[in-house]
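Hi,

Here is the structure I promised to send over. Could you have a look at it when you get a moment? My notes are just below it.

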Amino acid sequence: MASFAAYQNNCPFVKNVLLLDSEGKRVAVKYYSDEWPTLSTKLAFEKSVFSKTQKTNARNEAEITMFDNNIIIYKFIQDLHFFVTGGDDENELILAAVLQGFFDAVSLLLRGNVEKQEALENLDLILLCLDEIVDGGMVLETEASVVAGKVASHNADSGAALSEQTISQALATAREHLTRSLLK
Amino acid sequence: MAQPLVKKDDDRDDEEYSPFLGIEKGAVLQEARVFNDPQLDPRRCSQATLVVDIDGVACVQVITKLLYLLNQGETFTKIEATEVFFAVTKLFQSKDIGLRRMVYLMIKELSPSADEVIIVTSSLMKDMNSKTDMYRANAIRVLCRITDGTLLTQIERYLKQAIVDKNPVVASAALVSGIHLLQTNPEIVKRWSNEVQEAVQSRAALVQFHALALLHQIRQNDRLAVSKLVTSLTRGTVRSPLAQCLLIRYASQCSEGIPIQVIHESGNTQPGDRPFYDYLESCLRHKAEMVIFEAARAITELSGVTSRELTPAITVLQLFLSSSKPVLRFAAVRTLNKVAMTHPMAVTNCNIDMESLISDQNRSIATLAITTLLKTGNESSVDRLMKQITNFMSDIADEFKIVVVEAIRSLCLKFPLKYRSLMNFLSNILREEGGFEYKKAIVDSIVILIRDIPDAKESGLFHLCEFIEDCEFTYLSTQILHFLGNEGPKTSDPSKYIRYIYNRVILENATVRASAVSTLAKFGAMVDSLKPRIFVLLRRCLFDSDDEVRDRATLYLNMLGGDGIVSETGKDVKEFLFGSLDVPLGNLESSLKNYEPSEEPFDINHVPKEVKAQPLAEKKAPGKKPTGLGAAPTGPTSTVDAYEKLLSSIPEFAGFGKLFKSSAPVDLTEAETEYAVNVVKHIYDGHVVFQYNCTNTIPEQLLENVSVVVDTSEAEEFSELVSKALRSLPYDSPGQTFVAFEKPEGVAFGKFSNVLRFIVKEVDTSTGEAEEDGVEDEYQLEDLDVVAADYMLKVGVSNFKNAWESMGDDCERVDEYGLGVRESLAEAVNAVIIILGMQPCEGTEVVPSNSRSHTCLLSGVFIGNVKVLVRLSFGIDGPKQVAMKLAVRSEDPAVSDTIHEIVASG
């Protein structure tokens with residue numbers, strides 16, 4: 001995954017997307033930049049991101065911080081911590097849109113029940129969701145309902161997670177959950 | 001890797017259940033075998049003899065487990081990966097969409113090798129032509145990710161089709177894959193530009209975004225094509241905010257391509273003159289915040305942006321400052337912070353909003369707000385700001401504190417009158433908890449303030465002394481002690497520092513003790529009245545437990561004559577204590593290595609003094625002022641000192657007296673030419689020496705007898721004395737050649753044309769040996785001017801008003817000048833500062849935007865060591881006519897007149 005530098009000056013580029021739990025452990029992570037070549041550098045990065053953001057209140061609005069020439073946008077819900085990292089010359093709002101897309105899509109897919117255990121039980125959905133949002137650092141789609149729709153349609157036939165409802169119903173209830181949690 | 005994590009899970013209370021509890025790689029790999037041979041476990045993947053019926057749910061679970069392991073950082077060995085890969089490929093037989101999706105993911109994660117790719121190619125190609133959009137889109141992404149060039153030509157046709165597919169997901173998949181492939185197979189992707197062009201017009205928002213990104217990358221080396229593309233799109237409709245952001249980036253790049261002069265020559269810079277400015281400005285009214293911000297940021301980053309162009313961008317950023325979204329506030333304050341570096345006045349309107357951000361929950365935002373305010377603040381607001389910062393400092397991280405400390409340092413240099421409150425602030429935070437980098441930043445700042453603001457010296461040294469009383473960092477203690485040794489003896493009451501220094505000898509580790517001994521010796525050498533007491537202290541050090549400390553004490557006692565032995569002359573002692581080693585360390589090192597043990601002792605005088613490697617000029621280049629402790633002891637004159645040492649080591653120049661000034665290096669060649677030459681002008685009272693730093697950039701050549709032939713026909717007052725040629729100039733190792741001139745005492749100007757003359761010899765690069773015979777050759781260099789600024793040293797004064805008044809009006813000369821039509825007041829002010837080469841004081845070199853008049857204060861030392869102060873009053877009228885009143889005060893009326901002559905002729 002080398003040589004991204006060649007086009008990241010022009011194009012919005014996402015360096016990584018992280019989903020950690022309330023202790024900073026991985027639930028699902030995806031790196032698109034070769035800035036962290038080894039597992040230990042990745043874990044070190046996650047650790048410092050987690051410890052630097054841990055005490056902040058990112059439960060209502062997405063929060064932002066900057067270190068080591070990276071911008072990190074993050075949002076927490078229950079025991080899950082969502083992060084999106086970009087370079088320091090990136091448009092913060094584009095990264096925020098990616099985070100929001102990921103966050104909302106996960107909420108839709110987990111039908112508003114966004115917490116670690118639910119996420120792990122539906123890890124396949126979370127991984128597919130990541131795959132549909134960013135491809136090799138390029139933003140693929142940021143509209144949560146579209147992302148969730150793409151992921152859910154794969155599972156329609158398998159009938160596993162969403163069997164008792166149709167997709168549209170599921171999305172509707174999820175959206176309801178979401179608005180309710182936002183209004184809280 | 002996952003193992004320890006899992007272990008921990010076990011230890012915790014059983015309440016938290018994880019579907020992956022106790023997961024083990026070996027077991028999961030075993031499970032994955034069921035893909036291969038579904039019959040083994042019919043419960044999971046049942047198979048009737050020919051009709052394949054795979055249990056999708058169970059297989060998805062197994063793949064999820066594999067992906068979970070990979071995600072946790074577990075790695076598969078080559079064999080394991082191959083095994084899993086082959087097992088997974090079997091699952092292509094299933095019709096289950098969800099399972100297929102997981103198979104795609106798994107293949108991407110495994111990044112199979114070329115011979116493995118062939119196995120799945122046909123399956124993926126089948127999916128690429130499937131009726132199901134999801135299959136098509138994802139198969140394209142997978143195949144493009146794992147494919148190599150040869151396969152790509154086979155599938156190229158399908159990819160071109162996919163780009164213009166009516167399903168946006170398929171089109172986007174093909175386009176994004178194209179963007180990735182462009183890095184590895186540009187020649188293939190470039191053939192798709194017609195299809196991509198068509199996709200740019202797509203109705204689907206994201207297809208347009210991806211197509212635009214790809215098209216721009218295909219054409220990015222063709223300026224004209226990019227410009228056309230941008231022009232047509234800025235007039236058309238761009239649906240997605242992301243695509244709009246891209247377009248803004250491309251548009252601002254296009255306008256950067258056009259040199260600013262062209263814009264300026266076309267008259268006064270109206271905002272509309274800049275290509276695409278109108279477009280950028282219109283984006284400030286877009287409905288998506290992402291686009292508004294992108295446009296505002298692009299405008300602030302335009303090169304040579306005028307305050308008029310900036311205003312609308314600043315206005316929207318100001319609105320963002322009070323947004324409820326932290327991301328928006330952060331983005332705005334970060335951009336404004338950057339603007340404040342170049343256009344502080346443009347940001348002052350935001351100061352009220354900015355001040356309310358100091359208490360922002362998000363400390364990154366608060367820090368940026370503070371540093372912006374420190375950059376834009378005026379003298380009267382300093383005290384209020386400091387009060388707010390003091391409360392804020394305790395609850396931010398060290399790295400933010402360092403940023404704040406640096407901002408305060410530059411603020412203090414801008415408003416030297418405020419040094420007291422700023423210095424107090426620094427000493428307060430120095431006493432608080434903090435890591436090494438943070439403490440070092442504070443100490444560096446105090447050192448710089450001491451150096452640049454004479455009034456701050458005593459209090460600054462005192463704060464440093466207090467600090468080393470309780471300093472846990474050996475490095476900082478020794479650096480401070482060294483600095484104290486150089487500066488302390490020159491203060492009004494040196495004795496008060498002795499206590500602090502001797503405390504180090506009693507309390508600290510060996511390294512600090514040794515440097516404390518050296519510092520004591522320096523006090524003893526400089527202050528005669530303290531000598532007897534210093535001897536007492538040094539004698540106590542003779543019984544130290546550490547060798548280095550004892551040795552130093554013995555050495556210094558001998559040198560200073562403390563043991564009753566007849567000491568060397570005072571000058572030698574000072575030379576030894578304060579002088580730096582006058583041979584380059586590299587040379588000393590190689591001489592020592594070459595020294596073979598013999599009867600004859602090693603003689604340091606035989607070490608060559610010529611600087612071989614990097615010329616001094618290049619070391620000087622990065623920043624004029626050496627920052628921090630490393631350079632502090634020798635002060636701002638360190639490079640001058642080095643030049644002086646270099647020059648005085650050349651016997652021909654020894655009689656020229658004291659070096660007055662060395663200019664910054666001036667390039668005499670373009671970058672990237674065969675021979676790179678720059679020149680440093682060394683000014684003496686009655687002489688000028690040009691030091692030509694030459695670099696030979698051709699590996700196949702060796703230059704010998706390199707000299708510069710100087711034509712002085714346009715510099716009649718100068719006559720050439722000596723030309724010192726460089727014996728040889730091998731590839732990539734810079735060397736210097738000198739030419740010295742005699743000139744009348746005081747000021748003389750002239751233009752010099754230069755020709756580099758040398759003998760060139762061919763070098764065999766394989767053996768590195770040069771041929772015997774060389775050819776004489778010449779190389780034309782650019783002309784060099786000796787101007788007024790060369791005779792002026794930039795020396796600031798801390799309080800201009802006091803200095804001005806104490807100078808008196810005996811030698812004051814006042815006159816008025818018309819400067820003609822100027823672009824702006826700022827440009828006129830800058831031009832005069834450059835002509836005079838003086839140090840602007842109290843931040844008066846910054847001209848507020850839109851102001852009609854301005855006063856600029858300059859100070860400097862003119863050749864002959866004459867202090868000069870200048871007060872410039874500028875006024876501008878409607879048609880950009882600039883008038884200037886120049887008031888000069890100096891210690892010598894003749895110099896005051898000279899300054900006027902310089903300005904009149906400039």
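What follows is a short tour of what I found, starting with confidence and ending with a pair of helices.

First, a word of caution: this is a predicted model. Chain A has an average pLDDT of 82, and 78% of its residues score at least 70. Two stretches of that chain deserve care. Residues 1–8 of chain A have a pLDDT below 50, and beyond near neighbours in sequence this stretch has 13 contacts in the model. Residues 155–165 of chain A are also below 50, with 21 contacts beyond near neighbours in sequence. Where pLDDT is low, the predicted coordinates should not be read in detail.

Now to the interface. On the chain B side, 51 residues are in contact with 48 residues of chain A. Which elements of chain B give two or more residues to that side? They are the helices α3 (56–71), α5 (97–110), α7 (133–146), α9 (168–184), α12 (205–219), α14 (241–257), α17 (289–301) and α19 (326–342) of chain B. The largest share, seven residues, comes from α3(B). Sorted by class, the side of chain B that touches chain A holds 27 nonpolar, 16 polar and eight charged residues.

Chain A also has a sheet that you may want to look at. Five strands make up this open sheet, in the order β2-β1-β5-β4-β3, with antiparallel pairing. At its edges are β2 (26–31) and β3 (63–67) of chain A, each of which pairs on one side only. From one strand to the next, the twist averages 15°. The edge strand β3(A) is joined by five bridges to β4 (residues 70–77) of chain A, and these two run antiparallel. Within that pairing, A:M66 is found opposite A:I71 of β4(A).

Finally, back to chain B for a helix pair. How do α26 (residues 436–452) and α27 (residues 457–469) of chain B cross? Their axes come within 9 Å and cross at roughly 155°. Angles over 145 degrees count as roughly antiparallel, and α26(B) and α27(B) are therefore roughly antiparallel to each other. Their crossing is left-handed. From α26(B), the contact uses B:V443, B:I446, B:L449 and B:I450, while α27(B) brings B:K457, B:G460, B:L461, B:H463 and B:L464. By class, the residues of this contact are six nonpolar, two polar and one charged.

Happy to talk any of this through.

Best wishes

Notes: Residues numbered from 1 in each chain as written. Chains lettered and ligands numbered in written order. Predicted model: local features only at pLDDT ≥ 70, side-chain atom pairs only at ≥ 80, totals over all residues. Contact = placed C-beta atoms within 7 Å. Helix = DSSP H or I, 4+ residues; strand = E, 2+ residues; numbered from the N terminus. Nonpolar A, V, L, I, M, F, W, Y, C, P; charged D, E, K, R; others polar. Pairing = 2+ DSSP bridges. Axes fitted to C-alpha atoms, helices over the stretch in contact; angles between N-to-C directions. pLDDT = per-residue confidence, 0-100. Parallel < 35°, antiparallel > 145°, perpendicular 65-115°, else oblique. Left-handed = near helix turned anticlockwise from the far one by under 90°.
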